[in-house]
Amino acid sequence: MTVQGSEKSSRRGRRSSTMGGMPVNDMPWWRWRSNVRSALHMLADPVFQRECWLAGQDGYGDVTDAVYRLVEDTWLDNWSAEKYVGTVFRDSQEAALVDVAVLRVLRIMHQVGADAQVSAYIDHHGWPEAVRAAREAHVRLATNDGEDPDVPPRTLEVLAIMTRAV
């Protein structure tokens, strides 16, 4: 079962326009970081993937939603996370770990297709390496934010509440 058409999807209509190659976006850095962390957290947790994504549990989107949160507003599918050191990412080590995770996950997405079933991702021969890379990035970001990296991922509803404009 898949939740590809979930109405609680994190996917948005289209990308922001750009100015001088950088996205023109009013999203604050902490919202970008929250979205990246949420995606990495889900991509880093094989138990979550089996119990939520494969089981079709509502509230968490799917693999494509996670990839979208990882790269959409930050454009990490177009350039290095290093570009955001000092804003979204605290240091070059965080950025480097995020870059590795993004590359691993995007490689698989391009091979299986953006709207492939969850099982196509999880059964891909490169998935364990993508999970490991996402885990390393997730642990580093969560630890740097003073949070426990081993708590279960939050639902998209909770993420939306956390990132709501104040």
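# Inside a predicted helical model

Visitor: Is Val63 buried or exposed, and what is its relative accessible area?
Guide: This is a predicted model, and the residue you ask about sits in helix H3. A residue counts as buried when its relative accessible area is under 20%. Val63 meets that condition and is therefore buried, since its relative accessible area is 1%.

Visitor: Which residues does Val63 contact, once its neighbours within four places in sequence are left aside?
Guide: Val63 can come close to residues that lie far along the chain, for Ala114 is 51 residues away in sequence, yet the two C-alpha atoms are 8.6 Å apart in space. When the neighbours within four places are set aside, the contacts of Val63 are Leu43, Trp53, Val118, Tyr121 and Trp127.

Visitor: How many of the residues of H3 are buried?
Guide: The buried residues of this helix are Val63, Thr64, Asp65, Ala66, Val67, Tyr68, Arg69, Leu70 and Val71. Their cover includes H1, H2, H4, H5, H6 and H7. The helix H3 is largely enclosed by the rest of the structure, because the number of its nine residues that are buried is nine.

Visitor: Where is Trp127, and which residues does it contact beyond its neighbours within four places in sequence?
Guide: Trp127 has its place in helix H6, and it is buried because its relative accessible area is 4%, where the cut-off is 20%. Its C-alpha lies 9.9 Å from that of Arg107, although 20 residues separate the two in sequence. Beyond its neighbours within four places, Trp127 is in contact with Leu43, Gln49, Val63, Ile108, Tyr121 and Ile122.

Visitor: Which element gives the largest share of the largest nonpolar core?
Guide: The largest nonpolar core has 44 residues, and those with the most contacts inside it are Leu40, Leu43, Trp53, Phe89 and Val98. Two or more residues of this core come from each of the helices H1, H2, H3, H4, H5, H6 and H7. The largest share is nine residues, and the helix that supplies them is H4.

Visitor: What does Leu40 touch, not counting residues up to four places away in sequence?
Guide: Leu40 is among the residues with the most contacts inside the largest nonpolar core. If residues up to four places away in sequence are not counted, Leu40 touches Leu70, Val98, Ala101, Ala134, Ala137, His138 and Leu141.

Visitor: Are the planes of the Phe48 and Tyr60 rings stacked or edge-to-face?
Guide: A search of the whole structure finds five aromatic pairs, and this pair links distant parts of the chain, with Phe48 in helix H2 and Tyr60 twelve residues away in the loop between H2 and H3. Both Phe48 and Tyr60 are buried, and together with Trp53 they form one aromatic cluster. Planes over 60 degrees apart count as edge-to-face. The ring centres of Phe48 and Tyr60 are 5.2 Å apart and their planes stand at 70 degrees, so the pair is edge-to-face.

Visitor: Are the rings of Trp75 and Trp79 stacked or edge-to-face?
Guide: Trp75 and Trp79 are both buried, and planes under 30 degrees apart count as stacked. The centres of these two rings lie 5.5 Å apart with their planes at 20 degrees, so the pair is stacked.

Visitor: Which residue lies over the face of Trp79, and at what distance from the ring centre?
Guide: Trp79 is buried, and its ring is paired with that of Trp75. Over the face of the Trp79 ring lies Lys83, and its distance from the ring centre is 4.4 Å.

Visitor: What is the value of phi for Trp75?
Guide: Trp75 belongs to the loop between H3 and H4, and it is buried because its relative accessible area is 13%, with the cut-off at 20%. Its phi is positive, in a residue other than glycine, and its value is near 60 degrees.

Visitor: Where in the protein chain is confidence lowest and where is it highest?
Guide: The protein chain averages a pLDDT of 85, and 83% of its residues score at least 70. Over residues 1–25 the pLDDT is below 50, although this stretch has 59 contacts in the model beyond near neighbours in sequence. Confidence is lowest in strand E1, at a mean of 38, and highest, at 98, in H6.

Technical notes
Residues are numbered from 1 along each chain as its sequence is written. This is a predicted model: local features need pLDDT of at least 70, side-chain atom pairs count only at pLDDT 80 or more; totals for chains, interfaces and linings use all residues. Side-chain values use heavy atoms; hydrogens and water are left out. A nonpolar core is a set of buried Ala, Val, Leu, Ile, Met, Phe, Trp, Tyr and Cys residues joined through side-chain atoms within 4.5 Å. Buried means under 20% relative accessible area, exposed over 50%, partly exposed in between (1.4 Å probe, protein chains only). Contact means heavy atoms within 4.5 Å. Rings of Phe, Tyr and Trp (its six-membered ring) pair if their centres lie within 6.5 Å; planes under 30 degrees apart count as stacked, over 60 as edge-to-face and the rest as tilted. A charge sits over a ring if NZ of Lys or CZ of Arg is within 6 Å of the ring centre and within 35 degrees of the ring normal. pLDDT is the predictor's confidence in each residue, from 0 to 100.
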